[in-house]
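Visitor: I am new to this structure and would like to know how its labels are earned. Could you take me through a few of them?

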Amino acid sequence: MSNTPFTQETHPGRPVVDRRLSQEAFRKLTAGQVINQTKYVNGQLAPNPLFNELYKERDRYYVEAYANMGMELVQRQGFFYLRSLIESQGDDDNRDQESSVSIRQIQGVLLVLGRGVLEKGFMLEAMTLPEAGISRETLESIGSDPTMVLILKACKMDQPLPDAAKVALVDRDIAFFNDKGNLVLTDAGKTFFEDLFSQRSSEN
């Protein structure tokens, strides 16, 4: 996954921070979740106030505030996430190891989804449309393939694909289940998916 930040214009002046939104954003980001520009509410995508809060005060407040805690607030097209600025040592080694496992799990599930969806004859766009998505039955079918099982096991994911997708993607706001129960990638999920497959293409 690329870590290239998405740039925005600066807004001079004193920051105006919403404490409630700021605290909620901090809780989500430090728990390993991303914050997307939109969120799925009542069957449709709606603006995410947490993203708007980070966006409007990114340069005047949040970048420095997170840096003072040893973290980098990274913005890409349509979402924010955190990465550590602290050199790996002591307890930080454990956090880095956990982060590496999380990244492998995200990449592993996305790889299985991408390969499986194509093999089932679906368009990749089906994974990104809120009204479409990939059904649980299709996920179970993809996850039952022996090759896919091996990929997931290599990423320390022993559960069925629908459950693995929830742990690796949905719980981190990289995907969501729509009103039909189908899996849909968020803005972050689309970007991470594109990163993964463009990287694999360049390696071949």
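Guide: Gladly! Let us start in helix α5 (residues 136-143), where Arg136 and Glu140 sit four residues apart and are therefore separated by about one helical turn. Please keep in mind that this is a predicted model.

Visitor: What makes the contact of Arg136 and Glu140 a salt bridge?

Guide: Their side chains meet at 3.2 Å, N to O. A salt bridge needs such a nitrogen within 4 Å of a carboxyl oxygen, so the pair qualifies.

Visitor: Why is Arg136 called partly exposed?

Guide: Its relative accessibility is 39%. Partly exposed lies between the 20% and 50% cut-offs, so the label fits. Glu140, with 41%, is partly exposed too.

Visitor: How do you know that Glu57 is buried?

Guide: Glu57 has a relative accessible area of 2%, and buried means under 20%, so Glu57 is buried. Its side chain meets that of Arg60 in a salt bridge of 2.8 Å, N to O, and Arg60 is partly exposed at 25%. Glu57 and Arg60 also belong to a network of salt bridges with Glu53 and Lys56.

Visitor: What makes Asp158 exposed?

Guide: Asp158 has 60% relative accessibility, and exposed means over 50%, so that label follows. The side chain of Asp158 forms a salt bridge with Lys153 at 3.6 Å, N to O, while Lys153 is partly exposed at 45%.

Visitor: How many salt bridges does the structure hold?

Guide: There are 12 salt bridges.

How values were computed
Residues are numbered from 1 along each chain as its sequence is written. This is a predicted model: local features need pLDDT of at least 70, side-chain atom pairs count only at pLDDT 80 or more; totals for chains, interfaces and linings use all residues. Side-chain values use heavy atoms; hydrogens and water are left out. Buried means under 20% relative accessible area, exposed over 50%, partly exposed in between (1.4 Å probe, protein chains only). Helices (H or I, at least four residues) and strands (E, at least two) are DSSP runs, numbered from the N terminus.
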